[in-house]
Every structure is written in structure tokens, then in C-alpha cells.
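Subject: Handover of a structure for your review

Dear colleague,

Please find below the structure that I am handing over to you. My findings follow directly after it.

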Amino acid sequence: HRALFKYLKNGLAKSPEPGSHATPVEPQPLQNRDEKFVWPWMGVLVNVPTEWKDGRQIGESGNRLKEQLSHFCPLRVIPLWTFRGHTGNAIVEFGKDWNGFRNARTFEGHFAAGGFGKKDWIGKKNQGSELYGWLARAEDYNSPGIIADHLRKNGDLKSVNDLTKEGERKTDRLVANLANQIEVKNRYLQELECKYSETTASLEKMMGQREQLLQSYNEEISKMQQLARRHSQKIIDENQKLRSDLEAKMNDLDVRSKQLDEIAAKSDYDRRSLEQEKQKNAIKSSHLKLATLEQQKADENVLKLVEEQKREKHAALKKILMLEQQLDAKQKLELEIQQLKGKLKVMEHMPGDEDSASKNKINELSEALQEKIDELDGMESLNQTLVIKESKSNIELQEARKELENGLLDLSGGQTHIGIKRMGELDLKAFSKACQKERTENAEVTAAFLCSKWEAEIKNPDWHPFRVVTVDGKEMAIIEDDAKLRALKEEHGEEIYAMVTKALLETNEYKSKGSYPVGELWNFKENRKVTLKEAVQFVLRQWRTNRRKR
């Protein structure tokens with residue numbers, strides 16, 4: 001605050017404007033609340049010092065004037081320009097709110113207190129070099145002149161009562177809209193809470209059902225495991241019983257063999273019979289042994305099968321448990337996601353604080369950008385005015401040259417190095433040579449088609465692929481990156497593109513009506529435009545030559 005006070009004090013003390021170092025006058029209470037003012041609030045600043053320089057009037061910029069008037073807190077100061085330059089007038093904008101109106105009245109009171117108000121400006125015959133200022137009203141708005149034009153273009157007439165009533169209406173509408181929005185938000189929040197409660201209850205019911213299903217599944221798995229164990233034990237018991245029966249039969253056969261050995265001693269006949277029976281018993285015994293081995297192998301296979309079934313069941317149970325864990329984790333995650341979504345929707349519709357600092361920063365940047373845009377618009381308007389003035393001068397010069405061209409056509413005869421060249425006209429022979437270099441099929445037909453097509457394009461007044469640029473303080477037209485010209489260059493080469501762009505530049509330079517080719521005095525020997533002096537000397541020489549021949 002000390003730095004700002006010191007800056008204002010020094011700036012006001014150094015200000016060359018009369019009365020600018022005085023303390024701002026507090027505005028008097030408004031007597032007539034129905035008086036019409038220009039809104040947004042604007043002040044009129046006249047008698048701004050200007051000077052003649054480089055062929056036009058120049059004066060202080062809007063930023064400089066804004067610094068001088070900074071104790072009135074203007075939003076911006078807009079100098080008024082015409083094609084002759086600075087008019088010595090400026091518009092001071094104070095915004096649309098009541099603070100801006102108070103600053104504008106302070107601005108008016110300051111100048112009126114120092115004897116530099118509107119009445120003083122109108123009453124004095126010799127105003128001197130002091131600045132005069134006042135608050136823009138209906139009479140300024142409706143009067144003729146550049147000040148009134150700017151006021152009508154950028155403002156309206158409104159009274160304090162009008163703005164007060166309008167503000168009350170806007171406030172009432174805003175309050176009603178906010179109340180409706182709050183009611184809608186509350187209803188929506190209630191609906192979300194109901195949906196959230198329903199979703200939560202549904203998910204809890206689903207989790208309970210899942211627990212019941214999981215318990216039933218575990219019970220069924222236990223029953224299946226018990227049945228499998230009983231079945232395996234039954235198979236083992238049956239195999240054990242078969243093994244015992246086989247061993248008993250083996251013992252009976254051994255006893256029978258011993259008895260036969262005892263009887264064999266009695267007679268040879270009996271011995272042969274016994275041998276045959278022994279062989280038969282041996283064969284039976286071997287078959288029984290093979291059957292025992294097969295039974296053992298079958299028992300081993302059964303045991304292996306039982307073990308393999310156990311492993312498969314354990315693997316299946318392990319996989320089922322893993323899938324159950326994955327399903328449980330997935331369902332828990334889905335439940336958490338649904339709960340988070342519900343909470344998020346509720347939080348989105350809860351009222352929140354606005355970031356006022358960010359809004360103020362955005363508003364400041366927007367105002368600065370708008371000021372730069374307005375300054376650019378002013379410069380472009382002045383630029384356009386100068387271009388129009390130069391165009392008029394060129395038209396007058398071209399009319400004089402046309403008269404000289406007509407005289408040259410009447411006097412010239414035979415082959416001369418000075419004559420008339422059709423500016424902006426395409427050369428069919430040059431097109432043919434370029435097409436032949438590109439090895440185009442039917443070069444002459446293609447050249448004739450291209451020449452005719454681009455002559456029509458050049459004559460088209462709606463096609464203007466130019467941009468005005470300033471080089472070394474001079475304005476000149478250059479060809480922009482046009483889609484048609486780019487396609488021509490890519491399809492038919494650089495040489496044809498150069499001829500078309502040259503014809504375009506010549507046509508734009510001579511600004512013939514309808515963009516048709518026009519004649520120009522030309523020195524064919526040196527390939528340049530002939531000056532007026534050279535053309536007059538040539539016409540005089542031709543005239544003397546023709547007179548001597550007579």
C-alpha cells in the first residue's frame with residue numbers, strides 16, 4: 001500500500017496535465033435518478049494534445065492516458081482516430097457496475113471543479129492545451145460526430161432507475177433459478193440416496209445367497225468324498241477276500257498232490273494215471289498262479305486308480321477353492337465400486353465453494369486480451385483507410401497512363417522497343433513449352449486447357465488469394481498458401497505455377513476492374529515498366545518522325 005501511495009503521489013506530481021495532481025472530488029448525490037447516461041459508463045475526454053508527424057496527426061496512446069487517469073480507476077481509454085490520424089478526443093470506459101458509475105462521476109466532478117468540464121469546454125473560445133472531461137449523457141449520445149458514433153456503437157442510454165429495476169429483475173430471476181436448481185438437486189440427491197440404499201440392500205442379499213450356496217456346495221462335496229472313500233474301501237475288501245480264497249485253493253492242491261504221491265507207489269498204472277492227474281493239477285496250479293498274479297496286478301491298478309482319483313479330486317477341490325476366492329474377490333471389488341460410484345454421484349451434486357481467485361485471474365487476462373484486440377482493430381481500421389486512399393491515387397495515375405497509352409497506339413508503327421503489354425495475361429506459347437518439358441501427353445491441348453482455365457480463375461472477382469504485409473514501412477500484397485495454387489504446383493510443376501502467380505500479382509497490382517488483363521507501357525528490350533517521362537519522350541520522338549515523313 002505504501003508503494004502504491006508513493007507511485008500515485010509521484011505520478012500525479014509529474015503529470016503534465018492541468019488539474020491531474022489534484023485530489024479526486026467526491027461526487028455529489030445524484031439529483032435526478034431518471035437522467036439518461038451512456039451505459040456501460042463512459043467519460044468523454046477532449047482537447048488531447050496532438051502533433052502533425054509523417055503526414056498525419058498523432059497523440060498519446062490509450063495506455064498513457066489511462067495511467068494519467070489511474071486515480072479514477074478506468075477500465076481502458078480509447079483514443080478516437082480517423083484516416084487523418086488522432087482526433088484529439090478519447091473515450092474513458094468505467095465498466096458496468098455501480099463502482100464504475102461512482103468513478104465516472106468522480107472523473108466528471110474532478111474536471112468540473114477545476115474549470116475543465118463540459119460547460120467550460122463549450123463556453124471558452126480559446127481552450128488552450130488543457131484536457132476537458134465529463135460523463136457521457138444523452139446529449140452526447142444523440143449529437144453528431146465521431147464521439148457520438150462511438151457512444152452509439154458501444155453503449156445504450158439508461159437511467160439509474162432503469163439499471164436499479166433491471167438489477168432487481170435479474171436478481172429475482174437469479175434467486176428463482178437458484179431455488180429451482182436447489183430443489184432439483186435435492187430431489188436428485190434423494191433419488192440417488194434411494195438408489196444407493198436399494199443397491200446396498202440388493203448387494204447384501206446377494207452376498208447372503210452366495211454364502212448359502214457356498215455352504216450347500218461344501219456339504220455336497222463332503223458327501224461325495226465320503227461315498228468315494230466307502231467305495232474304495234469296499235473294492236479293497238473284495239480284493240482281499242479273493243486273495244484269501246486263492247490261497248486256500250492252493251493249499252488244497254498241495255495236499256492233493258501229496259496224497260497222489262503216496263498212491264503212486266502202489267502201482268505203475270496208478271502211477272501213470274497219477275502223473276497225468278499231476279500234470280493236470282500242475283496246469284491248473286499254473287493257471288491259478290497266473291490268475292493270482294493278474295489279481296495282484298488288478299489290485300495294484302485299482303489302488304493306483306484310487307490314488308489318481310484322490311489326486312484329481314484334491315486338484316479339482318483346490319481349483320474350485322481358488323475360483324471361489326477369485327469370485328469372492330471380484331464380487332467384493334464390484335461391491336466396493338458400486339458403493340464408490342454411489343458416493344461419487346452424491347458428492348458431485350453437493351454444493352461446493354467457487355475458486356474466486358482463479359475467476360478473478362481469468363477476468364483480468366480476458367480484459368487485457370480485449371484491450372489488445374481493440375487496439376489491433378484501431379490499427380487495422382487506420383491501415384484500411386490508408387489503403388483506400390492509396391488506391392484512389394493509383395486510379396488517377398492509371399487514368400493518366402491510359403491516355404498516354406492511347407496516344408502511343410496512334411503514333412507507334414512497326415517493331416519498337418516500347419509498347420503495350422497486357423498485364424495479367426497468360427502466354428499460351430509459354431504454357432505449351434512448359435507442358436512439353438514435363439513430357440505431358442497432348443501438350444498443346446493440355447496447355448490450351450490450362451491457359452483457358454486459369455485465365456477464368458484470374459478473372460474471378462470472388463477469388464482473392466492475397467494478404468497485405470508491411471515490408472520496410474511499405475505495404476505490399478503477397479500470395480497466400482492457397483489450395484488451388486498448391487494443387488497446380490503439385491500436378492503441373494514449378495514453371496506453370498510461377499506464370500500463374502506472376503499473372504495474379506500483375507492483375508492485383510494494376511487493380512483492373514473485374515480482374516481482366518490491362519495494357520501497360522512496357523520496355524520490351526529491358527523487360528521493365530516505362531516511366532511517364534520515358535513514355536512522353538518516346539511519343540514526342542514518334543510524333544516528330546511522323547511529321548517529317550509527311
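I begin with a single residue, Asp54, which counts as exposed because its relative accessibility is 73%. Asp54 lies in the loop between β3 and β4, the latter spanning residues 56-59. Although Asp54 is not a glycine, its phi is positive, at about 55°. Please bear in mind throughout that this is a predicted model.

Backbone geometry

Two further backbone features belong with Asp54. Asn47, found in the loop between β2 and β3 (50-53), is not a glycine either, yet has a positive phi of about 60°. The peptide bond that runs from Trp39 to Pro40 is cis, its omega being near 5°. Pro40 itself is placed in the loop between β1 and β2 (41-46). As background, most peptide bonds are trans, and most residues other than glycine have a negative phi.

The chain as a whole

The chain has 550 residues, and 29% of them count as buried. Its secondary structure consists of 14 helices and 13 strands. If one takes the contacts between residues at least 6 apart in sequence, 67% of them join residues at least 24 apart. The accessible surface of the chain amounts to about 38,800 Å², and carbon and sulfur atoms account for 53% of that area.

Salt bridges

Side chains of opposite charge can pair when their charged atoms come close. In this structure there are 17 salt bridges, and I describe some of them here.

Arg137 and Glu35 form one of these through their side chains, with an N to O distance of 2.7 Å. Arg137 sits in the loop between β7 (132-135) and α5 (138-142), while Glu35 sits in the loop between α1 (2-14) and β1 (37-39), so this pair ties together parts that are 102 residues apart in sequence. Glu35 counts as partly exposed, at 25% relative accessibility. Glu35 and Arg137 also belong, together with Glu108, to a network of salt bridges.

A second salt bridge joins the side chains of Asp140 and Lys118, again described by an N to O distance of 2.7 Å. Asp140 is part of helix α5 and Lys118 of helix α4 (residues 118-123), so the bridge ties together parts that lie 22 residues apart in sequence. How buried or exposed are the two partners, Asp140 and Lys118? Asp140 has a relative accessible area of 8% and is therefore buried. Lys118 is buried as well, with a relative accessible area of 18%, since the cut-off for that class is under 20%.

A third salt bridge is formed by Glu480 and Arg467, whose closest N and O atoms are 3.9 Å apart. Glu480 is in the loop between β11 (474-479) and α12 (483-492), and Arg467 is in strand β10 (residues 466-471), the two being 13 residues apart. Both partners are partly exposed: Glu480 has a relative accessible area of 36%, and Arg467 has a relative accessibility of 42%.

Glu506 and its contacts

Glu506 is located in helix α13, which covers residues 494-510. With a relative accessible area of 10%, Glu506 is buried. Which residues does Glu506 touch, leaving aside those up to four places away in sequence? They are Lys421, Met423 and Gly424.

The second largest pocket

Rolling a probe the size of a water molecule over the atoms shows where empty space is left. The second largest pocket has a volume of about 800 Å³. It is lined by 27 residues, and those closest to its centre are Ile78, Pro79, Trp81, Asp374 and Gly378. Four elements are listed as giving two or more residues to this lining: α2 (62-68), β5 (76-82), α6 (146-154) and α9 (356-411). Which element provides the largest share of the lining of the second largest pocket? That element is α9, with 9 residues. Sorted by class, the lining of this pocket comprises 8 nonpolar, 10 polar and 9 charged residues.

With kind regards

Technical notes. Residues are numbered from 1 along each chain as its sequence is written. This is a predicted model: local features need pLDDT of at least 70, side-chain atom pairs count only at pLDDT 80 or more; totals for chains, interfaces and linings use all residues. Side-chain values use heavy atoms; hydrogens and water are left out. Buried means under 20% relative accessible area, exposed over 50%, partly exposed in between (1.4 Å probe, protein chains only). Contact means heavy atoms within 4.5 Å. Accessible areas come from the Shrake-Rupley method with a 1.4 Å probe; for residues, only the protein chains shown count as cover. A salt bridge is a side-chain nitrogen of Lys or Arg within 4 Å of a carboxyl oxygen of Asp or Glu. On a 1 Å grid over the protein atoms alone, a cavity is a set of points where a 1.4 Å probe fits but cannot get out, and a pocket is an open set with protein on both sides within 12 Å along at least five of seven lines; lining residues have an atom within 4 Å of a point. Grid points are joined across faces, edges and corners, and a volume is the space filled by probe spheres set on the points. Ala, Val, Leu, Ile, Met, Phe, Trp, Tyr, Cys and Pro count as nonpolar, Asp, Glu, Lys and Arg as charged, and the others, Gly among them, as polar.
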